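Let's take a walk through this one together, starting where the chains meet and then moving inward. Have a look at the model first.

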2 protein chains.
Amino acid sequence: MDFVPLGLATDLVILTVRGGRLQVLLIRRGIPPYQGHWALPGGFVRPDEDLEATARRELAEETGLSAEGLHLEQVATYGAPHRDPRGRVVSVAYLALVPDLPAPVAGSDAASASWIDVNAVLEEHAADAVQDGRTGVREVRLAFDHRRILADAVERARAKLEYSPLATAFCPPEFTISELRGVYEAVWGIPLDPRNFHRKVTRTPEFVTPTSATTTRDGGRPAQLFHRGTATTLHPPMTRA
Amino acid sequence: MDFVPLGLATDLVILTVRGGRLQVLLIRRGIPPYQGHWALPGGFVRPDEDLEATARRELAEETGLSAEGLHLEQVATYGAPHRDPRGRVVSVAYLALVPDLPAPVAGSDAASASWIDVNAVLEEHAADAVQDGRTGVREVRLAFDHRRILADAVERARAKLEYSPLATAFCPPEFTISELRGVYEAVWGIPLDPRNFHRKVTRTPEFVTPTSATTTRDGGRPAQLFHRGTATTLHPPMTRA
DNA sequence: CCAAAAGTGTTGTATCTACACCCATGT
DNA sequence: ACATGGGTGTAGATACAACACTTTTGG
C-alpha cells in the first residue's frame with residue numbers, strides 16, 4: 001500500500017434562504033493561513049469515520065441543528081497539490097441545505113460564523129464594484145480554493161432545482177407554494193410568475209401534497225399549506241427562463 | 001495538521017460503445033484481495049500529482065491512447081472505512097468516454113483488460129437469474145465497491161446525454177447522425193425514432209456542424225458527416241421516453 | 001427493380017408563457 | 001372599501017411523438 005502523507009478533510013457549503021436571498025454559512029479565520037479571510041466550515045476526517053459522517057458531524061456542530069433530516073450530498077473532491085500552503089490536503093466538498101433557522105447560528109465554536117449573501121461572494125469583483133450599498137457586505141474573498149467550491153456547489157443546487165424536489169429542503173416541514181417559489185427565485189436569482197408556478201408545482205405528481213391547514217402568515221388570502229411529496233425527480237421539470 | 005494514514009487513489013470508469021452496446025473496460029485481478037474478480041482500473045495518486053492528472057495517466061496507460069482530447073470528468077469520491085480490506089483507501093472515481101477504438105486495448109500492463117457489457121454487470125443478480133442464455137456473460141461480480149461506482153458513473157453518463165453534447169465524445173471526429181443515435185440508444189438502452197432524432201439534433205443550435213463530406217459506411221443513401229459543435233448545453237434537451 | 005438507410009412533411013397532443021380575472025382575508 | 005396575496009381560465013406559441021412519404025445509394 002502506498003501511503004503518501006496527506007490530510008483528508010471535508011468542507012461544507014451550507015446554504016439557506018433568508019429574506020429572499022441565497023446565503024451561505026462562512027467562518028472568519030482567526031489564524032493563518034488566510035487569517036481574517038472567510039472560509040467554508042470543514043474539518044479533517046477521523047480514522048474509521050465515513051466521509052459523509054464527517055460532513056454530518058461538522059454540519060451539526062456549525063448549525064447547532066441535529067443533522068438528521070437535513071439534505072446533504074457530496075459535490076466534488078478538490079486535491080490540487082498546493083491548494084493548502086501547509087501541506088497536501090485533499091478535501092471532499094459537501095452541499096447542505098437548511099431551512100431558515102428560527103434560532104441563530106448556535107453551538108458554533110469560537111470562530112465567528114455568519115450567513116453571507118452568496119451573490120456578494122460569487123459576483124465578479126471589478127475593482128469599481130466594491131461599494132454595494134444594499135447589503136453592506138462589500139467584498140468577500142474566500143480562503144484557499146473555497147470560492148470555486150462554493151461556485152460548484154451553488155451551480156449544483158441551481159441545476160437540481162430543475163429536476164428534483166430539492167427546493168423543499170430549504171422549507172420548513174409545512175410551507176406554502178409562495179414560500180417554495182421564494183426559494184426558486186432566491187436560488188435562481190430571477191422572478192417567476194406566481195400563477196404559472198402554482199399550477200406547475202401542484203400538477204407535478206408527488207412534488208407536494210396538501211395538508212388540511214392554511215395560513216395567512218404571508219398576508220392576503222389564506223394559503224394552502226403543503227408538505228414534501230414522495231417524488232425523487234420531477235416530470236416535467238421546472239424551467240428557468 | 002492531521003495526517004491519518006490512508007491511501008488516496010483514483011478509479012476509472014472507461015466507457016465506450018461497441019456493436020451497439022455500452023461497454024466498460026475492466027481488469028481481472030491477479031492477486032488478492034478479490035483475486036479473479038473484475039475491477040475498475042485505477043491507481044494511487046502520486047505526491048504532488050493532481051487528481052485529474054492521476055486519472056489521465058491511468059487512462060492513457062490502460063487504453064494506449066493519448067488521453068488528450070478524451071472526455072474525463074470526476075464523478076464522486078468513495079471513502080467508507082472498510083471498503084478495502086487492506087486498509088483505509090479513499091478513491092476518487094472518474095468517468096472517461098472513448099470512441100470505439102480501431103486498435104484493441106493495447107499498452108495495458110500485465111493484468112488482462114477487457115471490454116465488458118455494462119448491462120451484464122449492472123443487471124440485478126437474483127440467485128435464480130444466473131443462467132442468462134442471451135448474452136453468454138452470466139455473472140460479473142466486481143471487486144470492492146466497484147459495482148456501485150460503475151452504477152453511479154453510468155447514471156451520470158445517462159443523465160448528461162440529455163442536456164449536454166457528451167454523446168459526441170463516444171464518436172470519432174466525424175460521424176453521422178445515425179452513429180450518434182446509436183450512442184444514445186446504447187447508453188439509454190432504448191430505441192429512438194431515427195427521423196425525429198435527426199431533426200432534433202440538427203436543429204439544436206451548435207450541437208453538431210455539418211462537414212462537406214458524406215459517407216456510405218452505414219449502407220443505403222449517403223449520409224452527411226458532422227463534427228462536434230461548440231454547444232456546452234443543449235436547448236432544448238434530448239429526452240428519454 | 002429492390003433493399004436499406006437518409007432525410008422531410010404533417011398532424012394531433014402536451015406544455016409553456018403571458019395575462020385577464022376572481023377569491024378570501026386583514027385593516 | 002381597498003390592499004394584498006392566493007388561485008383558476010384561457011389563448012397563442014413552442015415542442016413532441018407517431019408515421020406517411022420522398023431521396024440516394026448498392027446490389
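How many salt bridges are there between chain B and chain A? The count is 0. Keep in mind that this is a predicted model. The two chains still have plenty to do with each other: 29 residues of chain B are in contact with 29 residues of chain A, and about 2400 Å² is buried between them, 65% of it on carbon and sulfur atoms. On the polar side, 9 residue pairs are in polar contact across chain B and chain A, counting pairs with both residues at pLDDT 80 or more.

Which parts of chain B do the touching? The elements giving two or more residues to the side that faces chain A are β1 (7-18), β5 (71-78) and β6 (89-97) of chain B. Of these, β5(B) gives the most, with 4 residues. Sort the residues on that side of chain B by type and you get 17 nonpolar, 5 polar and 7 charged.

Now for the helix α1 of chain B, residues 51-63. With 13 residues at 1.5 Å a residue, α1(B) should span 18 Å, and its end C-alpha atoms are indeed 18 Å apart, so the two agree. Its buried residues include B:Leu51, B:Ala55 and B:Leu59, but also B:Arg57, B:Glu58 and B:Glu62. The buried residues of α1(B) pack against β1, β2 (21-28), β4 (42-44), β5 and β6 of chain B, and against β5 (71-78) of chain A as well. Just past the helix, B:Gly64 takes a positive phi of about 75°.

One of those buried charges has a partner: B:Arg57 forms a salt bridge with B:Glu49, with the closest N and O atoms 2.8 Å apart. Both B:Glu49 and B:Arg57 are buried. Over in chain A, salt bridges that share partners tie A:Glu49, A:Arg57, A:Glu58 and A:Glu61 into one network.

Over all chains, the structure holds 32 salt bridges. In chain A, A:Asp145 pairs with A:Arg83, the closest N and O atoms being 2.8 Å apart. That pair links distant parts of the chain, 62 residues apart: A:Asp145 is in the loop between α2 (118-122) and α3 (146-163), and A:Arg83 in the loop between β5 and β6 (89-97). A:Arg83 counts as buried because its relative accessibility is 11%.

Chain B has a long-range pair too, B:Arg21 with B:Asp117, at 2.7 Å between the closest N and O atoms. Here strand β2 is linked to strand β7 (residues 113-117), with the partners 96 residues apart. B:Arg21 is partly exposed at 34% relative accessibility, whereas B:Asp117 is buried at 14%.

Methods:
Residues numbered from 1 in each chain as written. Chains lettered and ligands numbered in written order. Predicted model: local features only at pLDDT ≥ 70, side-chain atom pairs only at ≥ 80, totals over all residues. Heavy atoms only, no water. Contact = heavy atoms within 4.5 Å. Buried area = accessible area lost by both parts, 1.4 Å probe. Salt bridge = Lys/Arg side-chain N within 4 Å of Asp/Glu carboxyl O. Polar contact = N/O pair within 3.5 Å; in protein donor to acceptor, adjacent residues only side chain to side chain. Nonpolar A, V, L, I, M, F, W, Y, C, P; charged D, E, K, R; others polar. Expected span 1.5 Å × (residues − 1). Buried < 20%, exposed > 50% of the residue type's maximum accessible area, 1.4 Å probe, protein only.
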